[in-house]
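Thanks for making time this morning. Have a look at the sequence and the structure, and I will talk you through them.

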Amino acid sequence: MAMTLRLPEELDKKIEEIAERRHISKHALIAQSVEQFVREDEERRQVDEAFDYAFERYGKVIERLADA
């Protein structure tokens, strides 16, 4: 899917410098960065769900252990 991305000049310059150092295009750098962000966000969501489940199921036990 095509999209237009408008960035502040300062940020565009930094992206260009990083892309040059890595010998990739700005497009590739941005695409990789978004993919990494999506992966990390999904991992964070899974951890949050696991904690919610644990506290829902074992909340009273966890509270007793914290008070011990």
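Start with the nonpolar surface patch. This is a predicted model, so read everything I say with that in mind. The patch covers about 790 Å². Eight names to mark, if you are colouring along: V47, F51, Y53, F55, Y58, V61, I62 and L65.

Take F55 out of that list. Where is F55 found? It is found in helix α2, residues 26-67. Its relative accessibility is 46%, so F55 counts as partly exposed. The cut-offs here are under 20% for buried and over 50% for exposed. F51, another patch member, comes out at 49% and is therefore partly exposed as well.

Now put those two rings together. How many aromatic pairs does the structure hold? It holds 1. The pair is F51 with F55, ring centres 6.4 Å apart and planes at 25°, so it is stacked. The cut-off for stacked is planes under 30 degrees apart, with centres within 6.5 Å. In general, two values describe such a pair: the distance of the centres and the angle of the planes. Along the chain, F51 and F55 are 4 residues apart in helix α2, and therefore separated by about one helical turn.

On to charges. How many salt bridges does the structure hold? The count is 3.

First on my list is D12 with K26. Their side chains meet at 2.8 Å, N to O. D12 sits in helix α1, residues 9-22, and K26 in helix α2, so this bridge ties together parts that are 14 residues apart in sequence. D12 has 26% relative accessibility, so it counts as partly exposed. K26 has a relative accessible area of 30%, so it is partly exposed too.

Next, R45. Its side chain meets that of E42 in a salt bridge, 2.4 Å from N to O. R45 also meets E49 in a salt bridge, at 2.3 Å. What links E42, R45 and E49? A network of salt bridges. Look at the spacing. R45 and E42 both lie in helix α2, 3 residues apart, about one turn. R45 and E49 also both lie in α2, 4 residues apart, again about one turn of the helix.

Accessibility for the network, quickly. R45 is at 37%, so partly exposed. E42 is at 33%, so partly exposed. E49 has a relative accessible area of 45%, so partly exposed.

Now helix geometry. Does α1 agree with or depart from its expected span? It agrees: at 1.5 Å a residue its 14 residues should span 20 Å, and because the end C-alpha atoms are 20 Å apart, the two values match. Just after α1, H23 takes a positive phi of about 60°.

Helix α2 is another story. A straight helix of 42 residues would span 62 Å at 1.5 Å a residue. Between its end C-alpha atoms, α2 spans only 53 Å. Where is the kink in α2 centred? On Y58, and the kink is about 80°. Y58 is also in the nonpolar patch from the start of this talk.

Two residues of α1 to finish. I18 is found in helix α1. With 28% relative accessibility, I18 counts as partly exposed, because that value falls between the cut-offs of 20% and 50%. I18 and L29 are 11 residues apart in sequence, and their C-alpha atoms are 8.1 Å apart in space.

The other residue is E17, also in helix α1. Its relative accessibility is 38%, so E17 counts as partly exposed. How far apart are the C-alpha atoms of E17 and D41? They are separated by 26 Å, with the two positions 24 residues apart along the chain as the count of separation.

To recap, keep three items on screen. One is the stacked pair of F51 and F55. Another is the salt-bridge network of E42, R45 and E49. The last is the kink of about 80° in α2, centred on Y58. Over to you.

Definitions and conventions: Residues numbered from 1 in each chain as written. Predicted model: local features only at pLDDT ≥ 70, side-chain atom pairs only at ≥ 80, totals over all residues. Heavy atoms only, no water. Patch = residues over 30% accessible without salt bridge, like charges linked within 9 Å, V, L, I, M, F, W, Y side chains within 5 Å. Areas by Shrake-Rupley, 256 points an atom, 1.4 Å probe, with all protein chains shown as cover. Salt bridge = Lys/Arg side-chain N within 4 Å of Asp/Glu carboxyl O. Helix = DSSP H or I, 4+ residues; strand = E, 2+ residues; numbered from the N terminus. Buried < 20%, exposed > 50% of the residue type's maximum accessible area, 1.4 Å probe, protein only. Phe/Tyr/Trp six-rings, centres within 6.5 Å; stacked < 30°, edge-to-face > 60°. Expected span 1.5 Å × (residues − 1). Bend = angle between axes of the 7 residues up to and from the residue.
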